[in-house]
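Visitor: I have a model open here and would like to go through it with you. Could we begin with the empty space inside, and then move on to other things?

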Amino acid sequence: MKHLYFIALFAGTSLFLGAQSCLPDSTLVDSSAGVYPKPITESNPNGGINKKACINKPYEFTFTVVVPDTVEIPILPAPIPLEKVAIDTVGAISNLPAGLSYHCNPPNCVFNKNQIGCLLLQGTPTDANAPGEYKPIIKLKLTVNVGISFDYTTEYPGAAFPGEYILTLLSEQDCASANQFASNDANYWFPNPVSGSLLFNRSNPENVRIYDASGKLLLQKHSLNNGNLVLPDRILPGVYWIHSSLRGYPSMQKLVVIH
């Protein structure tokens, strides 16, 4: 099955190199059906949308859509065969700040079984929005087969997929304050890609945490000596998120771990 996922991924990537809007996280090819990062729940408190948006500032956030050949729905007693997952190309995500929309890879937003794809939130939130928390909900259409094919429409997150997504929208003033530390955070940890250990290129960061793509906390350090972080063996090659803070300002960076 893993082999099929990679064939589908590379085939899809080659089709959309010229006009792709996003790239899925290939480390999720063996994951259960769903949209990643998964929503915030009691068992996944660090999940959801981990990038804040700012009024009048361009914003992007990528979801990875995983479609194996079965799906587990909490309201049903057993996994059921899955043929595809689709969303409408417009209007399928509610509760977004004005100015944000979405695009898919593949562009028709139809994700066939044994494939992964992605969904890109993109745009510039306007000053018509009030700063605060927005809770996007994705309307999905699952085509399942239990002897016959039929479509099952659901919300993600929703009754069948508990949890919530929270997109925090900052005012221009709050965004400017936060960016005193976070605006260039993509360059704070190096090398990236990394193998073995990382260095922080300012002073010693605090509350350093590494999460996998599903939001699971893998490592936490309250402080570091000389800004040096040695990665434990349990952090395998793949894509992760590293969070840290310096003088109270948060930083978040995508981290690629290699052999």
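**Cavities, disulfides and confidence**

Guide: In this predicted model, the largest cavity holds about 90 Å³ of space. Of the 13 residues that line the largest cavity, Ala 33, Gly 34, Val 66, Val 85 and Leu 140 are the closest to its centre.

Visitor: Which strands supply at least two residues each of that lining?

Guide: Strand E1 (34-36), strand E3 (59-67), strand E5 (80-86) and strand E11 (137-145) each supply at least two residues of the lining of the largest cavity, and the largest share, three residues, comes from E3.

Visitor: And what is the lining of the largest cavity like by class?

Guide: The lining of the largest cavity has twelve nonpolar residues and one polar residue, with no charged residues.

Visitor: How many cavities of 30 Å³ or more are there?

Guide: The count comes to two cavities of 30 Å³ or more, and the second largest cavity has about 40 Å³ of space. The residues lining the second largest cavity are Val 35, Val 65, Val 85, Ile 87, Cys 104, Phe 111, Leu 119, Ile 138 and Leu 140. By class, this lining has nine nonpolar residues, with no polar and no charged ones. Val 85 and Leu 140 are among the residues closest to the centre of the largest cavity, and both also line the second largest cavity.

Visitor: OK, pockets now. What volume does the second largest pocket have?

Guide: The second largest pocket has a volume of about 360 Å³. It is lined by 16 residues, and the closest to its centre are Ser 32, Ala 33, Lys 38, Glu 72 and Phe 161. By class, the lining of the second largest pocket has eight nonpolar, six polar and two charged residues. Ala 33 therefore has a place in two of these lists, being among the closest to the centre of the second largest pocket and among the closest to the centre of the largest cavity.Visitor: I noticed Cys 104 in the second lining. How many disulfides does a search of the whole structure find?

Guide: The search finds three disulfides, and with bonded cysteines counted along the chain they follow the pattern 1-5, 2-6, 3-4. Cys 104, which lines the second largest cavity, forms a disulfide with Cys 109, and their sulfur atoms are 2.0 Å apart. The torsion about the S-S bond of Cys 104 and Cys 109 is about 95°, so this disulfide is right-handed.

Visitor: Are Cys 104 and Cys 109 buried or exposed?

Guide: Both Cys 104 and Cys 109 are buried.

Visitor: What about Cys 22, and where does its partner sit?

Guide: Cys 22 forms a disulfide with Cys 118, their sulfur atoms being 2.1 Å apart. The pair links distant parts of the chain, since Cys 22 is in the loop between H1 and E1 while Cys 118 is in strand E9 (residues 115-123), 96 residues apart. Both Cys 22 and Cys 118 are buried, and with a torsion of about 105° about the S-S bond their disulfide is right-handed.

Visitor: And which parts does the disulfide of Cys 54 and Cys 175 tie together?

Guide: Cys 54 and Cys 175 have their sulfur atoms 2.1 Å apart, and their link is right-handed, with 85° about the S-S bond. Cys 54 lies in strand E2 (residues 53-54) and Cys 175 in helix H2 (residues 172-182), so the pair ties together parts that are 121 residues apart in sequence. Cys 54 is buried, with a relative accessible area of 8%, and Cys 175 is buried as well, with a relative accessible area of 5%.

Visitor: Changing topic, what is the mean pLDDT of the protein?

Guide: The mean pLDDT of the protein is 81, and 83% of its residues reach 70 or more. Among the elements, helix H1 (residues 2-15) has the lowest mean pLDDT, 38, and strand E6 (residues 93-94) the highest, 96. The pLDDT is below 50 over residues 1-20, a stretch with 23 contacts in the model beyond near neighbours in sequence. It also stays under 50 over residues 180-186, for which the model has 14 contacts beyond four places in sequence.

Visitor: Last one, how many helices and strands are there overall?

Guide: The secondary structure comes to two helices and 20 strands, and buried residues make up 44% of the 259 residues in the protein.

Technical notes:
Residues are numbered from 1 along each chain as its sequence is written. This is a predicted model: local features need pLDDT of at least 70, side-chain atom pairs count only at pLDDT 80 or more; totals for chains, interfaces and linings use all residues. Side-chain values use heavy atoms; hydrogens and water are left out. On a 1 Å grid over the protein atoms alone, a cavity is a set of points where a 1.4 Å probe fits but cannot get out, and a pocket is an open set with protein on both sides within 12 Å along at least five of seven lines; lining residues have an atom within 4 Å of a point. Grid points are joined across faces, edges and corners, and a volume is the space filled by probe spheres set on the points. Ala, Val, Leu, Ile, Met, Phe, Trp, Tyr, Cys and Pro count as nonpolar, Asp, Glu, Lys and Arg as charged, and the others, Gly among them, as polar. pLDDT is the predictor's confidence in each residue, from 0 to 100. Helices (H or I, at least four residues) and strands (E, at least two) are DSSP runs, numbered from the N terminus. Contact means heavy atoms within 4.5 Å. A disulfide is a pair of cysteine sulfur atoms within 2.5 Å. Buried means under 20% relative accessible area, exposed over 50%, partly exposed in between (1.4 Å probe, protein chains only).
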